[in-house]
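Hi,

Here is the structure I promised to pass on. Have a look at it first, and my notes come right after.

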Amino acid sequence: MDATTKNKIGEFICGDDVAKYPVYRSSFYLTRFFQEIGIDATHDGSTRNKWAQEIISKLNGTDLQKVILRLVSPKLYGGNREHIKLALNTMNEILAVESLKIIIEGIEPKLTRQKPNYDFEEKPAERELKPLPPPDFNKLNLETGISEILQQRWNEIQSCIDVNATVSAVIMMGSMLEGFLMGTMQRRPQIANKASNAPKKDGVVKHFADWTLSDMIDVGHEVGWIQLDVKKFSHALRDFRNIIHPYQQLAVRTNPDIDTCKISWLVVQAACNDIANWINKNEK
């Protein structure tokens, strides 16, 4: 095991950093820690971290493994879940460079092999889409009357889903998403028009009435109104929305089933709540 890794284990035993280590050990408890696991070591009064690191540096094989497993043992912390969790997270961070990981089975910690991952490229996590209640459209500073229409459409979409009217539901979803994005843009033109994705003609940003739903989705994500996962799924929904034209539906040979419908509904719910959360956070 690398010397740096061993040094970090020595620091863990001393426990000076309460944010990383669950227990601080004074001279007496350093001695006690080692002797409880059968390692003959008595603190000599020297600097605690240096002494612990020197002891660990001499250990290998079974003795070193005993130290590691004891430091993450639920028994050591009397079952304190916060201490156990902190110990496990810290130790696994230390051991990652050694391709090692601690898992706890029942109350017994076990040392296992793992493949370390040091890919630091930022990859936005995609959340799990799940049913959401409607936002309070009346509190989002939209144009007079549009809040009531959006609330009515939300209810009507759910009614269509309940009776398996899938084509009607998907078309309504696309129109609702477009209406909410348009309403948000109308009240905040200075934000939407400055987006790099804002559609232009002859170098001038188009009037909102000439924007496509695709334009609105891209700008909505760029300015922070909707998250990346919602942006991607919304484009898929947009394609389904286009079957409002019977010949378009014939051309693409699609008929959304109830599963597709429910997934699309989750996308619209997430988009609406993303927008509402942005407004509530930035304009209250």
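Below is what I found, starting with how the numbers were made.

This is a predicted model, so to speak of sources first: local features need pLDDT of at least 70 and side-chain atom pairs count only at pLDDT 80 or more, while totals for chains, interfaces and linings use all residues. Residues are numbered from 1 along each chain as its sequence is written, and side-chain values use heavy atoms, with hydrogens and water left out.

**The cores**

The largest nonpolar core has 42 residues, and Met173, Phe180 and Trp211 touch the most other members. (A nonpolar core is a set of buried Ala, Val, Leu, Ile, Met, Phe, Trp, Tyr and Cys residues joined through side-chain atoms within 4.5 Å; buried means under 20% relative accessible area, exposed over 50%, and partly exposed in between, with a 1.4 Å probe and protein chains only.) At least two residues of this core come from each of H6, helix H7 (166-187), helix H9 (213-222), helix H10 (228-241) and helix H12 (258-282). Helices and strands here are DSSP runs numbered from the N terminus: H or I of at least four residues for a helix, E of at least two for a strand. Another core, of 31 residues, lies apart from that one, and Leu30, Ala41, Val67 and Ile84 are among its members.

Phenylalanine 180 is in contact with Phe137, Leu140, Leu142, Leu150, Cys272, Ile275 and Ala276, leaving aside neighbours within four places in sequence. Contact means heavy atoms within 4.5 Å.

Methionine 216 sits in helix H9 and is buried, at 1% relative accessibility. Leaving aside neighbours within four places in sequence, methionine 216 is in contact with Glu178, Leu181, Met182, Met185, Phe208 and Trp211. Its C-alpha atom is 54 Å from the one in leucine 71, with the two positions 145 residues apart along the chain.

Serine 147 is in helix H6 (residues 146-162), and its relative accessible area of 7% makes it buried. Its contacts, again without neighbours within four places in sequence, are Phe137, Asn138 and Leu142.

**The largest pocket**

How much space lies in the largest pocket? About 170 Å³. The pocket rule works on a 1 Å grid over the protein atoms alone: a pocket is an open set of points with protein on both sides within 12 Å along at least five of seven lines, whereas a cavity is a set where a 1.4 Å probe fits but cannot get out, and lining residues have an atom within 4 Å of a point. Points are joined across faces, edges and corners, and the volume is the space filled by probe spheres set on them.

Val23, Arg25, Tyr29, Arg32, Phe33, Glu36, Arg70, Leu76 and Tyr77 line the pocket. Helix H2 (residues 27-36) gives the most to this lining, with four residues. By class there are five nonpolar, no polar and four charged residues. (Ala, Val, Leu, Ile, Met, Phe, Trp, Tyr, Cys and Pro count as nonpolar, Asp, Glu, Lys and Arg as charged, and the others, Gly among them, as polar.)

**Cysteines**

How many disulfides does the count come to? Zero, taking a disulfide as a pair of cysteine sulfur atoms within 2.5 Å. The closest cysteine sulfur to that of cysteine 160 is in cysteine 261, at 8.0 Å, which is too far for a bond. For cysteine 272 the closest is also in cysteine 261, but at 15 Å, again too far. Cysteine 160 is buried at 12% relative accessible area, and cysteine 272 is buried at 0%.

**Strand S1 and some loops**

Isoleucine 104 is in strand S1 (residues 100-105) and counts as partly exposed, at 27% relative accessibility. Beyond neighbours within four places in sequence, isoleucine 104 is in contact with Val72, Pro74, Ile84, Leu88 and Pro109.

Two residues other than glycine have a positive phi: serine 99, near 60°, and asparagine 141, at about 55°. Serine 99 is in the loop between helix H5 (81-95) and S1 and is partly exposed at 24%. Asparagine 141 is in the loop between strand S2 (108-113) and H6, partly exposed at 46%.

Finally, lysine 50 is in helix H3 (residues 48-57) and counts as exposed, at 55% relative accessibility.

Cheers
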